[in-house]
Amino acid sequence: MKILIADDHRLVIEAVKAKLSELGAGIEFVLALSVDELLAGATDDLDLALIDLNMPGADGQAHIDEIRRRHPAVPVIVLSGYEDPSIMRSALERGVLGFIPKAYSPEVMLSAVRLVLAGGVYVPPMMLTALPPGIVAGVSASSAAAGEPFARGNGGGTQTLEHLRSVLTERQVEVLQLLSQGKPNKLIGRSLGISEGTVKIHLAAIFRALNVRNRTEAVVAAQALTEAQQA
């Protein structure tokens, strides 16, 4: 396995490197302390890239865009000191597969990395109580935090897991529950004994029911609904 770690603090790099070494033996690490070193060290054979947002040479998230453009098949996780949900969402919309705040524990980071390496998407829990407009139409941060029903944008009914069970099939609800765990289509299909194509058909129906545009928004919305039910 080959993993790139890009951060302007050597201590952070060494700490992340030490923790990721628990993934297995023989991991090759590529280290970068600036955007120039990041762009020079990134290659198509990387299994994963963990990249800081705020490092020498960075212009917003332009370096993330450049890595995604040059190496679209390389899974990217943002590892950042920022905890602003709008910044997290912006990164996820750029195609990164995870956003890990540096305030999180090393164990959470390792679990998030394992999820992404398995093909999933890691969404920070703090996004669930600060959902931006459009994730679930009509939802407010206070209602999400309080576990209240989510108002549907088309004016009909309430958006809760119970409501979704009335508009989705039993199989689609099962797909939604696995989606809320960040599982990729392949693992969802394997868990339910259905093909990836069938999973995509079910996801299309789920997207319509949740009133979301893509998988990232669906993961956040599904996790929010699950959190609300458990609250």
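The chain holds 11 helices and seven strands, and the model described here is a predicted one. Of its 231 residues, 48% are buried. Among the contacts in the chain with a separation of 6 or more, 61% are accounted for by residues 24 or more positions apart, and several of the residues discussed below give examples of contacts between parts of the chain that are separated in sequence.

A place to begin is the loop between strand E1, which spans residues 2–6, and helix H1, since this loop contains Asp7. Asp7 has a relative accessible area of 1% and is therefore buried, the cut-off for that class being under 20%. Its side chain takes part in a polar contact of 2.6 Å with the side chain of Lys102, and a polar atom of the Asp7 side chain also lies 2.8 Å from the backbone nitrogen of His9. When residues up to four places away in sequence are not counted, Asp7 touches Val12, Ile13, Ala32, Leu33, Asp52, Met55 and Lys102, so that Lys102 appears both in this list of contacts and as the partner in the side-chain polar contact. Leu38 can be related to the same residue by distance, for the C-alpha atoms of Asp7 and Leu38 are separated by 9.0 Å although the two residues are 31 apart along the chain.

Beyond this loop comes helix H1, made up of residues 10–20, and two of its residues show how solvent accessibility can vary within one helix. Lys17, which has its place in H1, is partly exposed, with a relative accessible area of 29%. Leaving aside neighbours within four places in sequence, Lys17 is in contact with Ile5 and Phe29. Its C-alpha atom is 9.6 Å from that of Ile27, a residue 10 positions apart from Lys17 in sequence. Leu20, which also lies in H1, counts as buried because its relative accessibility is 0%. The contacts of Leu20, again without residues up to four places away in sequence, are with Ile3, Ile5, Ile27, Phe29, Leu50, Met109, Leu110 and Val113. Ile5 and Phe29 are thus touched by Leu20 as well as by Lys17.

The contacts of Leu20 with Met109, Leu110 and Val113 lead to helix H5, which covers residues 106–117. Two packed helices are described by the angle between their axes and the distance between the axes. For H1 and H5, the angle is about 60 degrees and the axes are 10 Å apart, and the two helices are therefore oblique to each other. H1 passes H5 in a right-handed crossing. On the H1 side, the residues that meet H5 are Val16, Lys19 and Leu20, while H5 contributes Pro106, Glu107, Met109, Leu110 and Val113. These residues divide into six nonpolar, no polar and two charged. Within this contact, Leu20 and Leu110 are 6.5 Å apart from C-alpha to C-alpha, although 90 residues separate them in sequence.

Further along the chain, helix H8, formed by residues 170–179, includes Gln172. With a relative accessibility of 11%, Gln172 counts as buried. Apart from residues up to four places away in sequence, Gln172 touches His202, Ala205 and Ile206, and these partners direct attention to helix H10, which runs over residues 196–210.

H10 also packs against helix H9, which comprises residues 185–192, at an angle of about 105 degrees and with the axes 9 Å apart. That angle makes H9 roughly perpendicular to H10. In this contact, Asn185, Lys186, Ile188 and Gly189 of H9 meet Glu196, Val199, Lys200 and Leu203 of H10, a set of residues that divides into three nonpolar, two polar and three charged. Set beside each other, the two helix pairs can be read as follows: the contact of H1 with H5 includes six nonpolar and no polar residues, whereas that of H9 with H10 includes three nonpolar and two polar residues.

Definitions and conventions: Residues are numbered from 1 along each chain as its sequence is written. This is a predicted model: local features need pLDDT of at least 70, side-chain atom pairs count only at pLDDT 80 or more; totals for chains, interfaces and linings use all residues. Side-chain values use heavy atoms; hydrogens and water are left out. Axes are lines fitted to C-alpha atoms, for helices over the stretch in contact, and angles run from 0 to 180 degrees between N-to-C directions. Helices (H or I, at least four residues) and strands (E, at least two) are DSSP runs, numbered from the N terminus. Angles under 35 degrees count as roughly parallel, over 145 as roughly antiparallel, 65 to 115 as roughly perpendicular and the rest as oblique. A crossing is left-handed if the near helix is turned anticlockwise from the far one by less than a right angle, and right-handed if clockwise. Contact means heavy atoms within 4.5 Å. Ala, Val, Leu, Ile, Met, Phe, Trp, Tyr, Cys and Pro count as nonpolar, Asp, Glu, Lys and Arg as charged, and the others, Gly among them, as polar. Buried means under 20% relative accessible area, exposed over 50%, partly exposed in between (1.4 Å probe, protein chains only). A polar contact is a pair of N or O atoms within 3.5 Å; within protein, one must be able to donate a hydrogen and the other to accept it, and residues adjacent in sequence count only if both atoms are side-chain atoms.
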